[in-house]
Every structure is written in structure tokens, then in C-alpha cells.
Amino acid sequence: MNAYDEYMKGIVKPMRDELVGTGFTELTTAEAVEGTMKSLEGTALVVINSVCGCAAGLARPAVREALQEAEQKPDHLLTVFAGQDKEATAMMRDYFPEVPPSSPSIALWKDGALAYFIPREQIENYEMEQIKDHLSEVLDQVCKK
């Protein structure tokens with residue numbers, strides 16, 4: 001690992017920990033993504049994390065608050081980190097090829113298929129409360145038992 005990679009690893013650790021500390025499983029390799037997604041049952045919230053300001057100030061806080069407030073919660077919480085774990089992110093995006101890659105973004109997976117997707121365009125120019133409310137509504141619909 002070169003000096004730049006080491007530096008970036010230290011910079012993004014708090015950004016990773018923000019979701020992992022909320023209960024997310026971080027998938028850092030393509031093999032981990034494939035193994036998890038192939039055996040996944042029920043519902044999953046997948047966050048494609050990134051270093052950008054809209055991930056830090058909007059996406060991650062909205063996800064955390066929506067999960068606290070939602071009556072219906074997903075069975076699984078998963079995350080990959082765009083720009084850091086490139087192979088893992090590419091493999092995750094292969095599971096929803098119908099949507100263009102964007103990060104940060106939020107996917108809801110249900111019974112082996114993409115149920116809902118919130119792209120960067122519905123994150124970066126919105127207030128955190130709007131994103132949280134949007135995600136809360138989606139969670140309540142998609143995660144209904």
C-alpha cells in the first residue's frame with residue numbers, strides 16, 4: 001500500500017465508522033458483496049457511501065435518522081464505499097444495472113431485486129430532513145412484513 005492509500009484510509013475511517021456504528025455491515029471486496037447478495041433473504045438497505053460533502057452532511061445523517069424513526073426496518077444494513085473499495089462498489093452496482101452509478105446513493109433491496117433507489121440527484125440539493133422523510137416513507141413501504 002502506498003503513502004496515498006494509507007493517507008486516504010485514515011481520512012475515510014470516520015466516514016466508514018459512521019455507518020458501521022449504526023449497524024451496517026461494510027462490504028469491502030467483490031467476493032464479500034457477491035457472497036452476501038447471493039444469500040440475502042428479505043429486505044436490505046444498501047448505502048453507497050462516498051467522501052463527498054453530500055454524503056457527510058446529508059446522506060449518512062438522513063440514513064441514521066430514518067432508521068431510528070422508521071416503524072418498518074430492513075432485515076439487513078449493507079454499505080460499500082465508492083472510490084475506496086472499487087471492486088466491491090462495482091459488484092454491488094452490478095446488482096442494479098438499470099440505474100446509472102451515483103454516489104452517495106441509497107438502494108432498497110427486497111426478495112432478490114431492487115425495490116427502490118435514491119440517486120445522488122435526490123440527495124445533494126435537498127435538506128437532510130427531506131431525504132430522511134423520503135427514506136422513512138420508502139422503508140415503511142418496502143419493509144412491510
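## Alanine 55 and its surroundings

Alanine 55 is buried, with a relative accessible area of 0%. The model described here is a predicted one. Alanine 55 belongs to helix H3. Leaving out residues up to four places away in sequence, alanine 55 touches Asn49, Ser50, Arg60, Pro61 and Pro104. Leucine 45 stands 10 residues from alanine 55 in sequence, and the two C-alpha atoms are 16 Å apart in space.

Arginine 60, one of the residues touched by alanine 55, is likewise placed in helix H3. Is arginine 60 buried or exposed? With a relative accessible area of 2%, arginine 60 is buried. Once neighbours within four places in sequence are set aside, the contacts of arginine 60 are Met15, Glu18, Leu19, Asn49, Ser50 and Ala55. Among these contacts of arginine 60 are Met15 and Leu19, which are themselves buried residues of helix H1.

## Helix H1

Helix H1 covers residues 3-20. Its 18 residues, at 1.5 Å a residue, should span 26 Å, and the end C-alpha atoms are 25 Å apart, which agrees with that expectation. At the N-terminal end, asparagine 2 acts as a cap for H1: a side-chain oxygen of asparagine 2 lies 3.0 Å from the backbone nitrogen of tyrosine 4. Further along, H1 has a kink of about 40° at valine 12, shortly before proline 14.

The buried residues of H1 are Met8, Val12, Met15, Arg16 and Leu19. Valine 12 is thus both the site of the kink and one of the buried residues. An α-helix has 3.6 residues a turn, so residues three or four places apart point the same way. What covers the buried residues of H1? The covering elements include strand E1 (25-26), strand E2 (43-49), helix H3 (53-69) and strand E3 (76-81).

## The five-stranded sheet

Five strands form an open sheet in the order E1-E3-E2-E4-E5, and their pairing is mixed. Strands E1 and E5 (113-118) stand at the edges; each has a single partner strand, so one side of each is left without a neighbour in the sheet.

E2 and E3 are paired in the parallel sense through six bridges. Within this pairing, leucine 45 is opposite leucine 77 of E3. E2 also pairs with strand E4 (residues 105-110), to which six bridges join it in an antiparallel arrangement. Threonine 43 faces lysine 110 of E4, while isoleucine 48 faces serine 105 of E4.

## Burial of strands E2 and E4

How many of the seven residues of E2 are buried? Seven of the seven are, so E2 is largely enclosed by the rest of the structure. The covering extends to both faces of the strand: Thr43, Leu45, Val47 and Asn49 are buried on one side, and Ala44, Val46 and Ile48 are buried on the other. Asn49 appears in two of the contact lists above, being touched by alanine 55 and in contact with arginine 60.

Strand E4 is mostly covered, with five of its six residues buried.

## The E4–E5 hairpin

E4 is joined to E5 by five bridges, and these two strands run antiparallel. Phenylalanine 117 in E5 is the bridge partner of alanine 107. The two strands form a hairpin with two residues between them, in which aspartate 111 takes a positive phi near 50°.

## Cysteines

A disulfide is a covalent bond between the sulfur atoms of two cysteines. How many disulfides does the structure hold? The number is zero. Cysteine 54 is in no disulfide, and the nearest cysteine sulfur, belonging to cysteine 52, is 3.2 Å away. That separation does not meet the cut-off, because a disulfide requires a pair of cysteine sulfur atoms within 2.5 Å.

Cysteine 54 is buried, having a relative accessible area of 8%. Cysteine 143 also counts as buried, because its relative accessibility is 0% and buried means under 20%.

Terms used:
Residues are numbered from 1 along each chain as its sequence is written. This is a predicted model: local features need pLDDT of at least 70, side-chain atom pairs count only at pLDDT 80 or more; totals for chains, interfaces and linings use all residues. Side-chain values use heavy atoms; hydrogens and water are left out. Helices (H or I, at least four residues) and strands (E, at least two) are DSSP runs, numbered from the N terminus. The expected span of a helix is 1.5 Å times one less than its number of residues. The bend at a residue is the angle between axes fitted to the seven residues ending there and the seven starting there. Buried means under 20% relative accessible area, exposed over 50%, partly exposed in between (1.4 Å probe, protein chains only). Contact means heavy atoms within 4.5 Å. A polar contact is a pair of N or O atoms within 3.5 Å; within protein, one must be able to donate a hydrogen and the other to accept it, and residues adjacent in sequence count only if both atoms are side-chain atoms. Two strands pair if DSSP finds at least two bridges between them.
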